[in-house]
Amino acid sequence: MRIPDYFEFHNSVKLLSGFKAISHIPFELKNLNSERPLILTDQTIKKLGLADKVLNAFDGSGIVPVAIFDDIPADAPLNKINEVAKFYRDNNCDSLIAVGGGSVIDSAKGVNILVSSDSDNLMDFVGLDKVSGKLRPFIAVPTTSGTGSEATLVAVITDTERHIKMEFISYNMLPDVAVLDPEMTESLPPHITAATGMDALVHAIEAYSGRQKNPISDVHASAAIKIIAENLIPVVKNGRDKKARLAMANASFMAGAAFSNSMVSLTHAIGHAVGAVSHVPHGVAMSILLPWCMKHNLKMAESSYAEVLTFLKKIEDVVALSEKERAQACINYIEDLLVELNKICKLPVKLGDAGVKKEDFDEIVARAINDGAVVPNPEFVDETIIKEILEKAF
Amino acid sequence: MMKIKIYRSFGKRLISKVVLKVLGNAVEATSKVDKNIYHELEGYKEGCVVGLKAYPAGKTMFLIKEDGVFRYKGTKGDYIADYLIVFKSLDDSVPVFLGFKSIEAAYLEHRFVLEGDLMTSLGILRALGCVEAYLFPKFMLKKLFIKVPKIYNLKIVGLVKTVNTLFKNWRVV
Ligand SMILES: [Fe+2]
């Protein structure tokens, strides 16, 4: 196993995983010396009754949340974050609870940066490792199993007035506690379960095969890949399977911890651009692009992909194969998985089917080549290569 | 009580001081003769300020975009950087400055803090990689990059232009 010359690994998140895990939120708040939490969520989560489930967990705890912002929009817009931060300060809140997907958790990270500092301008903190010091107590309750935001050091916030996205990367933004409760994800429809599950798989594979892979991230990524291989199809077929839901939540968390430290690569670089330009949901873009990006990386990442196959399949199925054959079989496995998911829940397998137009390619290429995720990619990437991948995935 | 004594490495300080000056002038010089470096830096607005610090308590070397080219401004100015790269220690910057580690690898290994818009900062890192391709010999570059950045002029032209710019900017410290 290759040990990098230097690497950093940080995951200080306390994990609560299991049935009725949300009931421990008040206890964890007390543990964090907090009693005036502010809850952030969105309208979908509210309508599904998931926000009420979290509120009901406070019954008998002696803690009453100060308020609940149930209208956090997608893409974590800056004006909303400023509004929530002002409310937090004006009402002497002392902690944050995010109940939702990536946007809600990213919004809470943004609010936390502001309320933990004297500044009211998030631009002061844009950058790599710019957020310093301990932030306010923060509990994340993910309602999808994919983004891994509950375990990552990244937040992306949109300045809707200036039409820019602001990226924050800092280990200090990690939540104090992540709550993985199968009840919070069981109402996800099959196609979203499939897309978000594939996103988690891409996180794990890219962390495991990227240039900044390290033994600690590898442990997280390999466990995530094993769990996804065993549980993704069952949970897409039967969303009420609580054990599979919990397994996928764990996989998402571990894949998040892995890529938070080892970074993601080409699939994400192109996927972010496809999302921004052609508005393809992140998980859908991930699943379509993954096999094509793996094919491009095959030479440089052969040994990593060969190892990934041993996590995806039973050892007796791979033992007779050479490293080269295993790496190729790994890509074939992903392609077969996508065909099966397409049959079960119509998860698109081509960019054209997901709403991408050929006219979008130039803008996608221009964005993708400037995405930080191209740097850890195991194989060389330039504009021509990205365009070729888009053509193939179309 | 024991008196605290921290060894002060003048060698590393000297290397970082010299290399910051050479690198800053090399960026100015090569972006005039290499279309790839020019292209990477083309998108940054006029007046854009890039700062580079070899270690947290060190001085910042500034580059400012004027008339389409990033110009070396030395370390004395009081500018507010749009993009500021601060290496976490001298032991993080010196290997990069001596060509033993690429700026990309340093980025991956969290060896510096980058203040500013991450979404638009990659062009600067890539341009610095191309400048390295002029400054260091091929056998070193092969160890630094998966694929050595293509240079669009003779290496000697980039080096001569850099020396020229160093003379032109000799007063700028
Ligand atoms: Fe992702």
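In the predicted model, chain B carries 29 positive and 16 negative side chains. The centres of these two sets of charges are separated by 9 Å. The accessible surface of the chain amounts to about 9,000 Å², and carbon and sulfur atoms contribute 63% of that area.

The secondary structure of chain B comprises seven helices and five strands. Read from the N terminus, the order of elements is α-α-β-β-β-β-α-α-β-α-α-α. Two helices thus open the chain and are followed by a run of four strands. Two further helices come next, then a single strand, and three helices close the series.

The overall dimensions of chain B were evaluated from its C-alpha trace, which spans about 60 × 35 × 35 Å along the principal axes. The radius of gyration is 16 Å, in agreement with the value near 16 Å expected for a compact globule because the chain has 173 residues. Of these 173 residues, 53% count as buried. Among contacts in chain B with a sequence separation of 6 or more, 65% involve residues 24 or more positions apart.

The cysteines were examined next. Across all chains of the structure, the search returned zero disulfides. For C330(A), the closest cysteine sulfur is that of C293(A), at a distance of 14 Å. Since a disulfide requires the two sulfur atoms to lie within 2.5 Å, this separation is too far for a bond. C330(A) has a relative accessibility of 0% and therefore counts as buried. C93(A) is likewise classed as buried, because its relative accessible area of 9% falls under the 20% cut-off.

Backbone geometry in chain A was considered at two non-glycine positions with positive phi. N92(A) has a phi of about 50° and is placed in the loop that connects α4 (78–90) with β4 (95–100) of chain A. With a relative accessibility of 57%, N92(A) counts as exposed, because this value is over the 50% cut-off. H279(A), also not a glycine, has a positive phi of about 55°. The loop containing H279(A) runs between α9 (266–278) and α10 (282–297) of chain A. The relative accessible area of H279(A) is 64%, so this residue is exposed as well.

How values were computed
Residues are numbered from 1 along each chain as its sequence is written. Chains are lettered from A and ligands numbered from 1 in the order in which they are written. This is a predicted model: local features need pLDDT of at least 70, side-chain atom pairs count only at pLDDT 80 or more; totals for chains, interfaces and linings use all residues. Side-chain values use heavy atoms; hydrogens and water are left out. The radius of gyration is taken over C-alpha atoms; the globule rule is 2.2 Å times the number of residues to the power 0.38. Buried means under 20% relative accessible area, exposed over 50%, partly exposed in between (1.4 Å probe, protein chains only). Contact means heavy atoms within 4.5 Å. Accessible areas come from the Shrake-Rupley method with a 1.4 Å probe; for residues, only the protein chains shown count as cover. Lys and Arg count as positive and Asp and Glu as negative; His and the chain ends are not counted. The place of a charge is taken as NZ of Lys, CZ of Arg, CG of Asp or CD of Glu.
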